[in-house]
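Me: Hi! Could you walk me through this one while I have it open?
Reply: Happy to, let's take a look together.

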Amino acid sequence: MKNTASSAKFRIWITSFQRWQPQSWHDLPDEAVAVELAEVGCFNTADALAYLEGYNRAALARRDHRWAIAVPVVLAYEGEPAPGEVIFPQQVALSA
């Protein structure tokens, strides 16, 4: 499967910054400190851009020193069986 822009995944982090003055919602600081994960889960490209625009426009209006940044991520499926491999359900059952 090819990795295309439409399949790109992002996590949105709220960051803090010091001596930087954004001019537009899509500006990126040279350096920022991760403060907290904005939302659980991953965003596709369109949803990540929408989140950044909303959060960062509000941050500009408040002159806040926090900024949302989309960090690209790669999902990995550890323990994924290969075709033909025997699976023992008791070994992979979800805990109650």
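Me: What does the accessible surface of the protein chain come to?
Reply: About 7700 Å², and 55% of that belongs to carbon and sulfur atoms. Keep in mind that this is a predicted model.

Me: Noted. How many of the residues count as buried, as a percentage?
Reply: The protein chain has 96 residues, and 19% of them count as buried.

Me: And what pattern does the chain follow along the sequence?
Reply: The pattern reads β-β-α-β-α, which comes to two helices and three strands.

Me: Which strands pair with strand 1, and in what sense?
Reply: Strand 1 pairs with strand 3 (residues 66-73) in the antiparallel sense, over eight bridges. Strand 1 also pairs with strand 2 (residues 33-37), again antiparallel, over four bridges.

Me: Can you give me residues to click on for those pairings?
Reply: Sure. For strand 3, try Lys9, which stands opposite Val73. For strand 2, Thr15 stands opposite Ala34.

Me: New topic: which residues make up the largest nonpolar core?
Reply: There are nine: Ala8, Phe10, Ile12, Ile14, Trp25, Phe43, Ala48, Leu52 and Ala68. Strand 1 (9-16) and helix 1 (45-62) each supply at least two of these residues. The largest share comes from strand 1, with three residues.

Me: Is there a general reason to expect such a grouping?
Reply: In soluble globular proteins, nonpolar side chains tend to be buried together.

Me: What is Leu52 in contact with, leaving aside neighbours within four places in sequence?
Reply: Leu52 is in contact with Ile12, Trp25, Arg57, Ala68, Ile69 and Ala70. Apart from the largest core lies another one, of five residues, including Phe17, Trp20, Ala59 and Trp67.

Me: Now Asn56: where is its place, and is it buried or exposed?
Reply: Asn56 sits in helix 1. Asn56 has a relative accessible area of 1%, so it counts as buried, the cut-off being under 20%.

Me: Which backbone atom does the side chain of Asn56 reach?
Reply: The side chain of Asn56 reaches the backbone nitrogen of Ala68, at 2.8 Å. Setting aside neighbours within four places in sequence, Asn56 is in contact with Trp25, Trp67 and Ala68.

Me: Last one: among contacts between residues at least 6 apart in sequence, what percentage join residues at least 24 apart?
Reply: In the protein chain, 70% of those contacts do.

Definitions and conventions. Residues are numbered from 1 along each chain as its sequence is written. This is a predicted model: local features need pLDDT of at least 70, side-chain atom pairs count only at pLDDT 80 or more; totals for chains, interfaces and linings use all residues. Side-chain values use heavy atoms; hydrogens and water are left out. A nonpolar core is a set of buried Ala, Val, Leu, Ile, Met, Phe, Trp, Tyr and Cys residues joined through side-chain atoms within 4.5 Å. Buried means under 20% relative accessible area, exposed over 50%, partly exposed in between (1.4 Å probe, protein chains only). Contact means heavy atoms within 4.5 Å. Two strands pair if DSSP finds at least two bridges between them. A polar contact is a pair of N or O atoms within 3.5 Å; within protein, one must be able to donate a hydrogen and the other to accept it, and residues adjacent in sequence count only if both atoms are side-chain atoms. Accessible areas come from the Shrake-Rupley method with a 1.4 Å probe; for residues, only the protein chains shown count as cover.
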